[in-house]
Amino acid sequence: MRLTILLLCAAALMCGAQGAEPQLRGKTLDHQGQFAGQTLSYRSVVEHFSLTPTRHGPLTLVSTSYIAEQAGHQRPVLFVFNGGPLAPSMYLHLLALGPKRLVLGDDPQAAPLINNPHSPLDVADLVFYDPAGTGFSRFDADANPTGYFATQSDAETLLAFMRAWVQRHRRQGSPLYLLGESYGSIRAVEAALALSHQNPKLPLKGLFLLGQALNVSSLAGQGPLQAVSDLPTQSALGWYHGKVSHQGRTFEQFMAQSREFAAGPLLKALYLGNRLAEQDRLALANRLSALTGLNTALYLKAGLKVDMATFRENLLADKGLRLGQADGRVTAPLQQDPNTDPSMPLSGPVEKAYLAFAQGFLGLRKLPPYLTDSPVKTSAQWHWGLAPFTRQGYEGDLDELMARMPTLKLALGVGYFDTLTPVGASEYLLQQASGPAAQGRLYYYQSGHMSYTSSSELARFSQDLRRFISGD
């Protein structure tokens, strides 16, 4: 599970060397665009921040911001980052929220770069954050990079960057929001929790966690709870691939039936274990088959608990196909390397488009390598802190954060077809949360792990994000 999380949103195949390289110069340019039907004048700002956020030494962070021309001190600011644990923000930047959007199709090499009316620039200024060792951000020569390969150091670095950005741009009065995807959801919560213990405070108003990973490890390998929380995603994929009956019900009605069965008969049966009568076990296996499309014999063999890896390998085995991890709608031949996920966008085409975008739209010259591969190669290189990626997750930190900052807004976005951070995990997170965290909002998308790779779901995600920030 740790290695799986390392791969989330960091499907990179290339990495530039951090040796002698051109020195990137910052750049500010004026632009105009239309966002949600509003014409907006704004500027792009690529800039360096030289920081020493921890005892592990100095860093040079390079961020890209989009700031409205008439941005007042009360205009919201949204800090955006991907996961990894260390991955650049180019996916959210170029596929979702930036003023230009790369439209991925059947041929990623021919993907066009178009104006992005779904960018939330009409309601907030945007800051795209690349941790050191990714993008154009670097560890300085005197730094100890491995000291930054840690949940706590990573959170402290983001927080130091936020303080530096707010001070430089004189935005001490602006409401701040964090949007973190995948491991970035952990970064967002841990940075916010660290902020809650510090003075002076920053005006942090909300967290939007996309494909949250806070409790994925808590559920992994936990038998009944994992099976119960995985079932909605498995049902959604059975529906999508035509393995379950659609007759007489909508997708939403079918998903409600799956959830009801998971939290009721299935949970009770798994609790009973070997005390369950054989005729009841067979009836439950048949019902699971009807809800997912897997055959009854597989459920009987697995004790009614089929994990995601087994599900991906078996749902379309009769066609010689397995499902993608990040998006189970995407398939690959069974004989293909299972460590290669066909549903993750290749970093190569996105990186190529980003470099052209940086030179054209952002006006940058003499570019150093844009690092797309995480410098953390194995989960053992990452220090997970007090909540290691074993059976303990970070949901307790979310509860503590919300207890300390009870007015903080919380939203979770989840894709029905994401087998890495499943729908059920996010539902369970909020259902088990205490205090204000229990009031978090959950948004569902007809998508995989990245809720923005199709135009229709990007429009929904963008609208949800706008409403979250503006309070509508």
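Here are legends for four close-up views of this predicted model.

**View 1. The hairpin of strands β1 and β2.** Strand β1 (residues 27-35) runs antiparallel to strand β2 (residues 38-51), and nine bridges pair them. Look for Lys27, whose bridge partner in β2 is Val46. Two residues lie between the strands, and Ala36 in the turn has a positive phi of about 55°.

**View 2. Two edge-to-face aromatic pairs.** The whole structure holds 28 aromatic pairs. In one of them, Phe35 and Tyr42 meet edge-to-face, with 5.7 Å centre to centre and 65° between the planes. Phe35 counts as buried because its relative accessibility is 2%, under the 20% cut-off; Tyr42 is also buried, with a relative accessible area of 3%. Phe81 and Tyr129 form another edge-to-face pair, at 6.2 Å centre to centre and 85° between the planes. This pair brings together distant parts of the chain, 48 residues apart: Phe81 belongs to strand β4 (residues 77-81), while Tyr129 sits in the loop between β7 and β8. Both Phe81 and Tyr129 are buried.

**View 3. Arginines over aromatic rings.** Arg168 places its charged end over the ring of Phe49, 3.9 Å from the ring centre. For Arg329, the charged end sits over the ring of Tyr240, 6.0 Å from its centre.

**View 4. The surroundings of Ser426 in helix α13.** Ser426 belongs to helix α13 (residues 423-432) and counts as buried, at 1% relative accessibility. Its side chain makes a polar contact of 3.4 Å with the side chain of Gln212. Leaving aside residues up to four places away in sequence, Ser426 touches Gln212, Leu412, Val414 and Leu442.

Key:
Residues are numbered from 1 along each chain as its sequence is written. This is a predicted model: local features need pLDDT of at least 70, side-chain atom pairs count only at pLDDT 80 or more; totals for chains, interfaces and linings use all residues. Side-chain values use heavy atoms; hydrogens and water are left out. Helices (H or I, at least four residues) and strands (E, at least two) are DSSP runs, numbered from the N terminus. Buried means under 20% relative accessible area, exposed over 50%, partly exposed in between (1.4 Å probe, protein chains only). A polar contact is a pair of N or O atoms within 3.5 Å; within protein, one must be able to donate a hydrogen and the other to accept it, and residues adjacent in sequence count only if both atoms are side-chain atoms. Contact means heavy atoms within 4.5 Å. Two strands pair if DSSP finds at least two bridges between them. Rings of Phe, Tyr and Trp (its six-membered ring) pair if their centres lie within 6.5 Å; planes under 30 degrees apart count as stacked, over 60 as edge-to-face and the rest as tilted. A charge sits over a ring if NZ of Lys or CZ of Arg is within 6 Å of the ring centre and within 35 degrees of the ring normal.
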